[in-house]
Amino acid sequence: MADMDKTFKLRTFTDAAKNDVEKSNVADENKAQQLVAKKDALLAEERSKSLDLLKTIVQLRESLKQEQAKTAELQARLNKLDEVEESQLVKKNIQLEDEKKKSLEYMRMIEQLRESTRQEQEKSTEMVRKMAEQQAQLNKLTTVEESQLARKNAQLEEEKQKLIEYMKMIEQLRENVRQDQEKKIEMANKLAVLETKVKELSVVLAKISSLATGGKLDSID
């Protein structure tokens, strides 16, 4: 019985091992097929890329030929331009030299202007400082003179009141003088009338006196 059990177990193990081997072989074959399929796909992709690259290379060669032709044409033109522009290049060099001289002059002028600007800025700074000092002094004077200004304003108001009073007095005096002048004119007119009457009476008295002394009495007009 023991030998039979060992034989059965051995067969069972052997069958299991065979199954495992077969399964392993199937798996390996599947993997191999998958790898072959991947390789074929990659190979097809690489062939497609290679074809594209060949097309690109052909296009680049054609473009290179065209560019070389253009380059040759441009070189020919440049050669012609070089021959034509030799005298112009000399002129341009002369003009460039003149421009350099002008640039130097402009740079000198700019430096002078910068120096002048710096000096003006210094003067402006000094003026600002002096103005600040003057403003400070003015503030001090303003502070000191505020009370004096108030007193002066009060004095000025008082003087104004006095002036108003004086103006009233002057107007009153003018009115009095005007009335006195009117009175004097009236008195002068009265005096002239009295003088006229006195003269008339003198004439009458003279005639009366002449009559009293024996003279003839003339008619009295």
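**Entry 1: a pair in helix α2**

I began with R178, which forms a salt bridge with E175, and I noted that the closest N and O atoms of this pair are 2.2 Å apart. The model I am reading is a predicted one, and I treat the distances in these entries as computed from it. Both R178 and E175 lie in helix α2, three residues apart, or about one turn of the helix. I then looked up how far each partner is covered: R178 counts as partly exposed at 37% relative accessibility, and E175 also counts as partly exposed, at 28%. After this pair I turned to a linked group, in which salt bridges that share partners join E115, R118 and E122 into one network.

**Entry 2: further salt bridges**

How many salt bridges does the structure hold? I found 12 of them, and I followed up two more in detail.

One of them joins R174 to E171, with the closest N and O atoms 3.5 Å apart. R174 and E171 are both part of helix α2 and sit three residues apart, about one turn of the helix. Here the partners fall into separate classes, since R174 is exposed with a relative accessible area of 54%, a value over the 50% that marks an exposed residue, whereas E171 counts as partly exposed at 43%.

The other joins the side chains of K162 and E158, at 3.9 Å from N to O. I asked myself how far apart K162 and E158 are in helix α2. They are four residues apart, so about one helical turn separates them. K162 is partly exposed at 36% relative accessibility, and E158 is partly exposed as well, with a relative accessible area of 46%.

**Entry 3: a nonpolar patch**

Next I looked for nonpolar side chains on the surface, and I noted a patch formed by L163, Y166, M167, M169 and I170, which together have about 510 Å² of accessible area. One of these residues, M169, is found in helix α2, which covers residues 86-212.

**Entry 4: the chain as a whole**

I then stepped back to the overall picture and recorded two helices and zero strands for the protein chain. What share of the 221 residues is buried? The figure I wrote down is 0%. The accessible surface of the protein chain comes to about 21,000 Å², and carbon and sulfur atoms account for 59% of that surface.

**Entry 5: confidence**

Last, I checked the confidence values, and the protein chain averages a pLDDT of 77, with 80% of the residues scoring at least 70. Over residues 216-221 the pLDDT is below 50, and this stretch has seven contacts in the model beyond near neighbours in sequence. Where pLDDT is low, the predicted coordinates should not be read in detail. I have therefore left those contacts as a bare count, in keeping with that caution about low pLDDT.

Notes. Residues numbered from 1 in each chain as written. Heavy atoms only, no water. Patch = residues over 30% accessible without salt bridge, like charges linked within 9 Å, V, L, I, M, F, W, Y side chains within 5 Å. Areas by Shrake-Rupley, 256 points an atom, 1.4 Å probe, with all protein chains shown as cover. Salt bridge = Lys/Arg side-chain N within 4 Å of Asp/Glu carboxyl O. Buried < 20%, exposed > 50% of the residue type's maximum accessible area, 1.4 Å probe, protein only. pLDDT = per-residue confidence, 0-100. Contact = heavy atoms within 4.5 Å.
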